Amino acid sequence: MRSDWDDWFKLSGVASAAPAVVVERIASLTQRIRVGAGGVMLPNHAPIVIAEQFGTLEAFHPGRIDLGLGRALGGPRDVTDRLRSEHERTAKPFEDQVRELLTLFEADNGGGRVAAVPAVGNRPEIWMLGSGDHTARIAGSLGLPFAAAHHLKPLNTVAAVRTYLRTFQPSSLYPAPRISISVAVIVAETDERAQWLAGSLRMKIARRRQGQPIQLPSPETAEAHGYTTSRDTDDELTGVVVGQPATVLPELQALVDATGADELLIKTDLFDRLDRHKSYALLMKDETHRLRRADSPTSA
């Protein structure tokens with residue numbers, strides 16, 4: 001992809017305006033990896049539109065598309081009101097909206113005249129995204145995979161997974177629970193270097209809590225404001241795993257043990273793309289295969 005995307009990300013923060021477009025762009029430039037939206041905030045869109053978009057993506061890239069569904073607004077209310085009015089967003093409970101979307105991928109979708117082309121026969125892998133019990137319960141009752149947003153609310157993760165496992169109803173596509181944990185990780189050659197790089201995220205979170213939101217600053221800027229050293233009370237980085245591989249891996253293994261996660265989705269907030277690449281490379285080099293999935297997660 002073009003290098004000027006890096007400049008765009010620094011200005012905009014995250015590529016979230018048009019998930020289906022970004023998914024297609026990435027999928028068309030790759031051949032093997034799975035590409036997914038994490039995620040589409042379903043209340044902001046008519047289910048038939050999402051079914052058509054991701055049915056088309058699955059038709060173009062069979063077996064490679066993931067559709068993550070969330071229930072949050074995903075932005076300021078005045079913006080979401082332009083996407084879909086509050087009446088439209090709340091006319092049906094969120095679970096009913098998910099059920100409506102699921103039926104649009106089925107050949108027998110109620111016998112009506114409405115059809116999402118080419119959704120039927122081209123269903124992507126659908127995940128429910130959430131950071132609490134409500135979405136976990138919906139994912140369990142519908143027999144869908146659950147992706148826990150540990151990077152957003154790390155203190156909720158274990159409880160949400162317990163709820164999902166307790167309420168899971170096997171479905172034809174997913175006879176057993178599937179769990180993905182999204183976790184923020186920053187890796188460098190040394191703990192000190194990793195903490196210095198994490199200063200960017202530490203400063204961004206601190207400023208947001210102060211009501212002064214900023215884009216992710218450079219670690220040099222964070223250092224100038226005193227954010228690049230880990231403190232005894234480091235509330236900004238609660239749940240963020242920071243350090244060299246030998247430091248990070250035990251923490252990730254503890255998370256897997258506590259949740260029985262099938263996979264970890266690693267999120268790395270670093271200012272420079274080379275530092276991001278190195279963080280992933282250090283984590284993957286010869287270490288990730290050492291993580292072991294727990295046979296049975298912490299029970300309720």
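Start by selecting Phe94, Glu95, Val98, Arg99 and Leu102 in helix H6; in this predicted model they meet Ile138, Ser141 and Leu142 of helix H7. By class, this contact has five nonpolar residues, one polar residue and two charged ones.

Now show the two helices whole: H6 covers residues 94–103 and H7 covers residues 133–142. Two packed helices are described by the angle between their axes and the distance between those axes. Here the axes come within 11 Å and cross at roughly 40 degrees. The crossing of H6 and H7 is right-handed.

Stay on H7 and select Thr135, Ala136, Ile138, Ala139, Gly140 and Leu142, which are the buried residues of this helix. Then add what lies over them: the cover includes H6, strand S3 (125–130), strand S4 (146–148) and helix H8 (157–167). Step just past the end of H7 to Gly143, where phi is positive, at about 65 degrees.

Next, go to the largest nonpolar core. Among its 48 residues, Phe54 and Val98 touch the most other members. Strand S5 (residues 179–187) gives the most to this core, with five residues. Val98 has already come up, in the contact of H6 with H7.

Centre on Phe54 and display its surroundings. Leaving aside residues up to four places away in sequence, Phe54 touches Ala20, Ala37, Val40, Ile65, Asp66, Leu67, Asn122 and Pro124. A second core, separate from the one that holds Phe54, has 14 residues; select Ile186, Ala188, Leu197 and Ala198, which are among them.

For the next stop, find helix H12 (273–284) and follow the chain into the segment after it, where Arg292 lies. Is Arg292 buried or exposed? Arg292 is exposed, because its relative accessible area is 57%, and exposed means over 50%. Select Gln253, Val256 and Asp257 as well: Arg292 touches these three, not counting residues up to four places away in sequence. A distance label between the C-alpha atoms of Arg292 and Asp257 should read 8.1 Å, for two residues that are 35 apart in sequence.

Finally, zoom out to the whole chain. Its secondary structure comes to twelve helices and seven strands. Of its 300 residues, 41% count as buried. The accessible surface comes to about 16,000 Å², and 53% of that belongs to carbon and sulfur atoms. Among contacts between residues at least 6 apart in sequence, 70% join residues at least 24 apart.

Notes. Residues numbered from 1 in each chain as written. Predicted model: local features only at pLDDT ≥ 70, side-chain atom pairs only at ≥ 80, totals over all residues. Heavy atoms only, no water. Helix = DSSP H or I, 4+ residues; strand = E, 2+ residues; numbered from the N terminus. Buried < 20%, exposed > 50% of the residue type's maximum accessible area, 1.4 Å probe, protein only. Contact = heavy atoms within 4.5 Å. Areas by Shrake-Rupley, 256 points an atom, 1.4 Å probe, with all protein chains shown as cover. Axes fitted to C-alpha atoms, helices over the stretch in contact; angles between N-to-C directions. Left-handed = near helix turned anticlockwise from the far one by under 90°. Nonpolar A, V, L, I, M, F, W, Y, C, P; charged D, E, K, R; others polar. Core = buried A, V, L, I, M, F, W, Y, C linked by side-chain atoms within 4.5 Å.
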